[in-house]
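Open the model in your viewer and keep the selection tool at hand. We will move from stop to stop, and at each one you will hear what to select and what is there.

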Amino acid sequence: MENLLLNDEYFMKEALKEAKKALEKDEVPVGAIIVSSGRIIARAHNLTETLNDVTAHAEMQAITSAGNFLSGKYLNDCTLYVTLEPCIMCAGALNWSQLGTLVFGAYDDKKGYKKLPKNILHKKTKVKEGILEEECGNLLIYFFKKKRRSGINNNLNFEL
């Protein structure tokens, strides 16, 4: 374990673990982690159904957890890894937190922040896109296919 490279793929796999926790709770499977100085300081996944709260997205949960860990509201030296492109609400919160780097997996062509004509992230936030895009996207595809087929055929033969 000591020789393991702590790169974007490693940390996105950690975010995918969180997304799978959301899937187990019948939540939209989005997971997020926040890293500071090569160390994971926050882990989160969607909890909108569990908490009956439309703002309980993985990113929002991770921002709160990281802020508590750091005893501060700014995440300018942190990297957020999230399995799905943040929505406009989450991107706004990331702006306010002055996030240093955003790394996301799958693109959200319907509700992702990139649909806006202007970038709403903080001007200093660096962005890396499409890290483990296929793995992140497949988890979402599985979830929504299962939802659509609910009651008809829940055996989709999908490997997690």
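Two strands count as paired if DSSP finds at least two bridges between them. Keep that in mind for the strands below, and remember throughout that this is a predicted model.

**Stop 1: the whole protein**

Show everything as a cartoon. The protein has four helices and five strands, and along the sequence they follow the pattern α-β-β-α-β-α-β-β-α. Its radius of gyration is 15 Å, close to the 15 Å that the globule rule gives for 160 residues, so the protein is as compact as a globular protein of that length. The C-alpha trace spans about 45 × 40 × 30 Å along its principal axes. Of the 160 residues, 46% count as buried. Take the contacts with a separation of 6 or more: 56% of them involve residues 24 or more positions apart.

**Stop 2: strands S3, S4 and S5**

Select strand S4, residues 101-106. How many of its six residues are buried? Six of the six are, so to speak, under cover: the strand is mostly covered.

Now add strand S3, residues 78-84. S3 and S4 run parallel and are joined by five bridges. To see one partnership, click Leu-80, whose bridge partner in S4 is Leu-102. Stay on Leu-102 and look towards strand S5, residues 126-128. There the bridge partner of Leu-102 is Val-127. S4 and S5 also pair in the parallel sense, over three bridges.

Next, add helix H3, residues 88-97. Together, S3, H3 and S4 make a right-handed β-α-β unit.

**Stop 3: the aromatic rings**

Show the side chains of Phe and Tyr. How many aromatic pairs does the structure hold? There are four. Select Phe-11 and Tyr-81: their ring centres are 5.3 Å apart and their planes meet at 35°, so this pair is tilted. Phe-11 lies in helix H1 (residues 8-24) and Tyr-81 in S3, so the pair ties together parts that are 70 residues apart in sequence. Are these two residues buried or exposed? Both Phe-11 and Tyr-81 are buried.

Then select Phe-104 and Tyr-107. They form an edge-to-face aromatic pair, with 5.3 Å from centre to centre and 85° between the planes. Compare the surroundings of the two residues: Phe-104 is buried, with a relative accessible area of 0%, whereas Tyr-107 is partly exposed, at 35%.

Before leaving the rings, add Tyr-10 to your selection. Ring pairs link Tyr-10, Phe-11 and Tyr-81 into a cluster.

**Stop 4: the cysteines**

A disulfide is a covalent bond between the sulfur atoms of two cysteines. How many disulfides does the structure hold? It holds zero. To find out why, recall the cut-off: the two sulfur atoms must be within 2.5 Å.

Select Cys-90. Its closest cysteine sulfur is in Cys-87, at 3.7 Å, which is too far for a bond. Cys-90 counts as buried, at 0% relative accessibility.

Finish with Cys-78. The closest cysteine sulfur to its own is in Cys-90, 16 Å away, so that is too far for a bond as well. Cys-78 is buried too, with a relative accessible area of 3%.

Key
Residues numbered from 1 in each chain as written. Predicted model: local features only at pLDDT ≥ 70, side-chain atom pairs only at ≥ 80, totals over all residues. Heavy atoms only, no water. Buried < 20%, exposed > 50% of the residue type's maximum accessible area, 1.4 Å probe, protein only. Phe/Tyr/Trp six-rings, centres within 6.5 Å; stacked < 30°, edge-to-face > 60°. Helix = DSSP H or I, 4+ residues; strand = E, 2+ residues; numbered from the N terminus. Right-handed = clockwise from strand over helix to strand, strands pointing away. Rg over C-alpha atoms; globule rule 2.2 N^0.38 Å. Contact = heavy atoms within 4.5 Å.
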